[in-house]
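Please open the model in your viewer and keep the sequence panel beside it. The tour below goes from one selection to the next and says what is found at each.

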Amino acid sequence: MADSSTQSIIIGASPDRVAAVICDFPSYPEWTDAVREAEVIEEYEDGYASQVRFVLDATVMADEYVLAYAYADDLSRIEWHLVAPSKMQKAQRGAYDLVANADGSTTVTYTLEVELAVGMLGMFRRKAEKMIMDAALKQLKRRVEASGAAQ
């Protein structure tokens, strides 16, 4: 598997609110630039998604793939892995770790490792991972904090 990359951000909301946005997969196309479709194709008995199909179009990369999800009982960790290789990826593993802060905010740590099906120099792969993670965390922060203002 490829090296993993990790990045964190502080979001002005409780871990429950952050987890609710992360777990609302059908809404991803509304707030995530690269996701064109997100469809829950299988659920656990508790209603949380166990498998989600994504259609991604990030200009430089288009792909369609299915991720399998697992959750900590308190939703402090949401992790996933690629179910089967796709056109662009041999493997993918990732996780969101949510930690409540004393001021009511949440520190979200995003860990991602992707093994691409196409060759890419390590330096460019790391830069692409950083851009993907940075965009994902900023878009998550914007969505959570905007949804909190609407409540």
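The stops below start with the whole chain and then go to single residues.

**Whole chain**

Show the whole chain as a cartoon first, and keep in mind that this is a predicted model. The secondary structure comes to three helices and seven strands. Followed from the N terminus, the elements run β-α-α-β-β-β-β-β-β-α. Colour by accessibility next: of the 151 residues, 41% count as buried. The protein exposes about 8,300 Å², and carbon and sulfur atoms supply 53% of that area. If you draw the contacts with a separation of 6 or more, residues 24 or more positions apart account for 49% of them.

**Strand β1 and its partner**

Select residues 5–11, which make up strand β1. Which residues lie on its covered face? They are Ser5, Gln7, Ile9 and Ile11, while Thr6, Ser8 and Ile10 belong to the uncovered face. Now add residues 106–116, strand β7, which pairs with β1 in the antiparallel sense over seven bridges. To find one point of this pairing, pick Gln7; its bridge partner in β7 is Tyr110.

**Val99**

Keep β1 in view and select Val99, which is found in strand β6. Val99 is partly exposed, with a relative accessible area of 48%. A distance drawn from the C-alpha of Val99 to that of Ile10 reads 9.5 Å, although 89 residues separate the two in sequence. Not counting residues up to four places away in sequence, Val99 touches Pro15, Ser105, Thr106 and Thr107.

**The salt bridges around Arg53**

Turn to charged side chains. Side chains of opposite charge can pair when their charged atoms come close. How many salt bridges does the structure hold? There are eight. Select Glu37, Glu39, Arg53 and Glu64 together and show them as sticks: these residues are linked in a network of salt bridges.

Start from Arg53 and go to Glu39; the closest N and O atoms of this salt bridge are 3.1 Å apart. Arg53 lies in strand β3 (residues 49–57) and Glu39 in strand β2 (residues 35–43), so the salt bridge ties together parts that are 14 residues apart in sequence. Is Arg53 buried or exposed? Arg53 is buried, with a relative accessible area of 18%, which falls below the 20% cut-off for that class. Glu39 is partly exposed, at 37%.

Go back to Arg53 and look for Glu64. The side chains of Glu64 and Arg53 meet in a salt bridge, 3.1 Å from N to O. This pair links distant parts of the chain, with Glu64 in strand β4 (residues 62–71) and Arg53 in strand β3, 11 residues apart. Glu64 counts as partly exposed, at 46% relative accessibility.

**Glu79 and Arg77**

For another salt bridge, select Glu79 and Arg77, where the closest N and O atoms are 2.8 Å apart. Glu79 is partly exposed, with a relative accessible area of 33%. Arg77 also counts as partly exposed, at 33% relative accessibility.

**Asp63**

Return to strand β4 and select Asp63, which is found there. Which side chain of opposite charge is nearest to Asp63? It is Lys87, 5.7 Å away, and Asp63 is buried yet has no salt bridge. The 5.7 Å to Lys87 is beyond the 4 Å cut-off for a salt bridge.

Now show polar contacts. The side chain of Asp63 makes one with the side chain of Ser86, at 2.7 Å. Another, of 3.1 Å, joins the side chains of Asp63 and Gln89. Widen the selection to everything in contact with Asp63, leaving aside its neighbours within four places in sequence: this gives Phe54, Val55, Leu56, Ser86, Lys87, Met88 and Gln89.

**Ala84**

The last stop is Ala84, in the loop between β5 (77–82) and β6 (89–100). Ala84 is partly exposed, with a relative accessible area of 41%. Draw a C-alpha to C-alpha distance from Ala84 to Ala68: the two are 9.8 Å apart in space and 16 residues apart in sequence.

Conventions: Residues numbered from 1 in each chain as written. Predicted model: local features only at pLDDT ≥ 70, side-chain atom pairs only at ≥ 80, totals over all residues. Heavy atoms only, no water. Helix = DSSP H or I, 4+ residues; strand = E, 2+ residues; numbered from the N terminus. Buried < 20%, exposed > 50% of the residue type's maximum accessible area, 1.4 Å probe, protein only. Pairing = 2+ DSSP bridges. Lys, Arg positive; Asp, Glu negative; His and termini not counted. Polar contact = N/O pair within 3.5 Å; in protein donor to acceptor, adjacent residues only side chain to side chain. Contact = heavy atoms within 4.5 Å. Areas by Shrake-Rupley, 256 points an atom, 1.4 Å probe, with all protein chains shown as cover.
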